[in-house]
Amino acid sequence: MLFHSTRGNDSGRTFEEVLMQGLANDGGLFMPDTWPQVDLEHLKSLNSFLDIAKYIVPLFTKSSFADDEVLNILDKTWHDFGKDNLAEIHQLDDSKYVLELFHGPTAAFKDFGLQLAAAFFDQSLNRQNKTAVVLGATSGDTGSAAIDACKRFDSIKSFILLPDGNMSEVQRRQMTTVNSPNVFTLRVNGSFDDCQAIVKEAFSERSFLKDDQFLLAVNSINWVRIIGQICYYFYASLKITNYNQPLNFSVPTGNFGNVFACYSAHKMGMPLNKILVSVNENNILHRFFSDNDYSKTKVCETISPSMDISIASNFERLVYDFYAERDSSMCANFYKNFPVSPIKLEENMWNKSKDIFLSYCVDDISTIEAMKHTYKKFNYLIDPHTAVASEAVDRLSQDIQGKTIILSTAHPAKFPEVIKNANLTLEDIPNSLSVIFDNEERAYNFPASKDLIFDFITKNNS
Ligand SMILES: *Cc1c(COP(=O)(O)O)cnc(C)c1O
């Protein structure tokens, strides 16, 4: 199984190349050459999340790693989860379930993808006898999950840029209270876009790297993160219906990575009814699915900050695979002038959406209402991101049949301010989140200057 770019000018790549490179050379995103097909009868005989992962992950890695090597990696990959089965399923009523993906060390679902990425980064670096710098900008949960996943590996030094902005105090403290010699948290006096621009320049300049050193991207376009997420869709379907009925999944989304993992699981053979694309007021995806209007607007700050984006990077994969039916020149054309010109598909092409996708946009007031209502009705506290997905299920209930799974992407304790504003009370706080209030915050303060930041990385990259 090899990989190629959605834009047609980078192909024949191995899993390891895709892992270490992130974005394709032509600016597109990597895709597997074909969708590997699962044997559902075999999957039915499995039990744990790890069993499922040991079946799914090797379907993508054979071009670079022997299956035995992968199984060994997977035995050590997911660590510090509060639950043995990593993901828990909580039933709300006859037709509604919550898939809790927040039991990892950073209390958000990103631990699933980033711990898998870090485990493969380390394996690859060790066998090439090389080291790497991880550089990322974060406005929410990516930074803490990347730091936590990489800090145990001496082969990797992490530099994470935190913009001024809308993240919660818990989210910030998760990054500023890490005490590890290979982790550097930089508070940048600038916006998320300023930080991303610096990261982008870093990838073209690479001046601070030593010879033979890798610069790794941890953003959600890395295919390995999608693989880690595909596993929990197969796991949830097994536990809830044994693959005997198609399910609906409501996914609170920003960059479309988690939705694309659901779509991928379906393409690999998982029965599926509908995917609910649930967004906050940053509604580019909802405008696309409801109006065929994929146009960039300004980011607005919401109480579900991990979904505050202006464009949804992974959406390009859906344009390529689903709408353009893998015609890369068509996909490249759509993206040639984006975001200057919006993407608008031909009507018959866009109409295909209805086969699988529904979307809903939930504003902050309705998000708070959904949190209150879910607590009152089910005695169950959800975080604001999960509330967006839950509200979308209620609003779209006329259009969906059968059972629905709401993806719970963060633990409510990450957003105590919002819980308080909703007049709700946090009952349990995971251990990993309570300690961050005891530890001192430390971070390096920088203006939004790439030269100063690159100098800092050079100095600390020895
Ligand atoms: C990152 C994040 C999301 C959005 O995930 P995408 O894959 O970018 O759609 C949703 N909820 C939480 C809590 C997150 O951290």
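Visitor: Are phenylalanine 234 and tyrosine 243 buried or exposed?
Guide: Bear in mind that this is a predicted model, where local features need pLDDT of at least 70, side-chain atom pairs need 80 or more, and totals for chains, interfaces and linings use all residues. Residues count from 1 along each chain as its sequence is written, and side-chain values use heavy atoms, without hydrogens or water. The scale runs from buried (under 20% relative accessible area) through partly exposed to exposed (over 50%), with a 1.4 Å probe and protein chains only. On that scale, phenylalanine 234 and tyrosine 243 are both buried.

Visitor: How many aromatic pairs does the structure hold?
Guide: Rings of Phe, Tyr and Trp (its six-membered ring) pair if their centres lie within 6.5 Å; under 30 degrees between planes is stacked, over 60 edge-to-face, the rest tilted. By that count, the aromatic pairs in the structure number 40.

Visitor: What is the angle between the planes of phenylalanine 159 and phenylalanine 184?
Guide: Phenylalanine 159 sits in strand S6 (residues 156-162) and phenylalanine 184 in strand S7 (residues 183-189), so the pair links distant parts of the chain, 25 residues apart. Phenylalanine 159 is buried at 0% relative accessible area, and phenylalanine 184 is buried too, at 8%. The two rings are stacked, 4.8 Å centre to centre, and the angle between their planes is 10°.

Visitor: Which kind of pair do phenylalanine 234 and tyrosine 243 form?
Guide: Back to the two residues you started with: their ring centres are 6.4 Å apart. Their planes lie at 65°, so the pair is edge-to-face.

Visitor: Where is proline 339?
Guide: Start with the bond that leads into this residue: the peptide bond from phenylalanine 338 to proline 339 is cis, with omega near 5°. Helices (H or I, at least four residues) and strands (E, at least two) are DSSP runs, numbered from the N terminus. Proline 339 falls in the loop between helix H14 (328-336) and helix H15 (347-351).

Visitor: What is the relative accessible area of asparagine 129?
Guide: Asparagine 129 has a positive phi of about 55° without being a glycine. Its place is the loop between helix H6 (110-128) and strand S5 (132-137). Asparagine 129 is exposed, and its relative accessible area is 73%.

Visitor: And what is the relative accessible area of asparagine 379?
Guide: Asparagine 379 is also not a glycine, and its phi is positive, at about 55°. You'll find asparagine 379 in the loop between helix H17 (364-378) and helix H18 (384-395). Asparagine 379 is exposed, with a relative accessible area of 57%.

Visitor: Which backbone nitrogen lies 3.2 Å from a polar atom of the side chain of aspartate 51?
Guide: Aspartate 51 belongs to helix H3 (residues 49-56) and is partly exposed, at 31% relative accessible area. Its C-alpha atom is 9.6 Å from that of cysteine 231, although the two are 180 residues apart along the chain. A polar contact is a pair of N or O atoms within 3.5 Å; within protein, one must be able to donate a hydrogen and the other to accept it, and sequence neighbours count only if both atoms are side-chain atoms. The nitrogen you're after is that of asparagine 47.

Visitor: How far is a polar side-chain atom of lysine 110 from an oxygen atom of the ligand?
Guide: Backbone atoms reach the ligand as well: a polar one of asparagine 255 is 2.8 Å from a ligand oxygen, and an N or O of phenylalanine 256 lies 3.2 Å from one. For the polar side-chain atom of lysine 110, the distance to a ligand oxygen is 2.5 Å.
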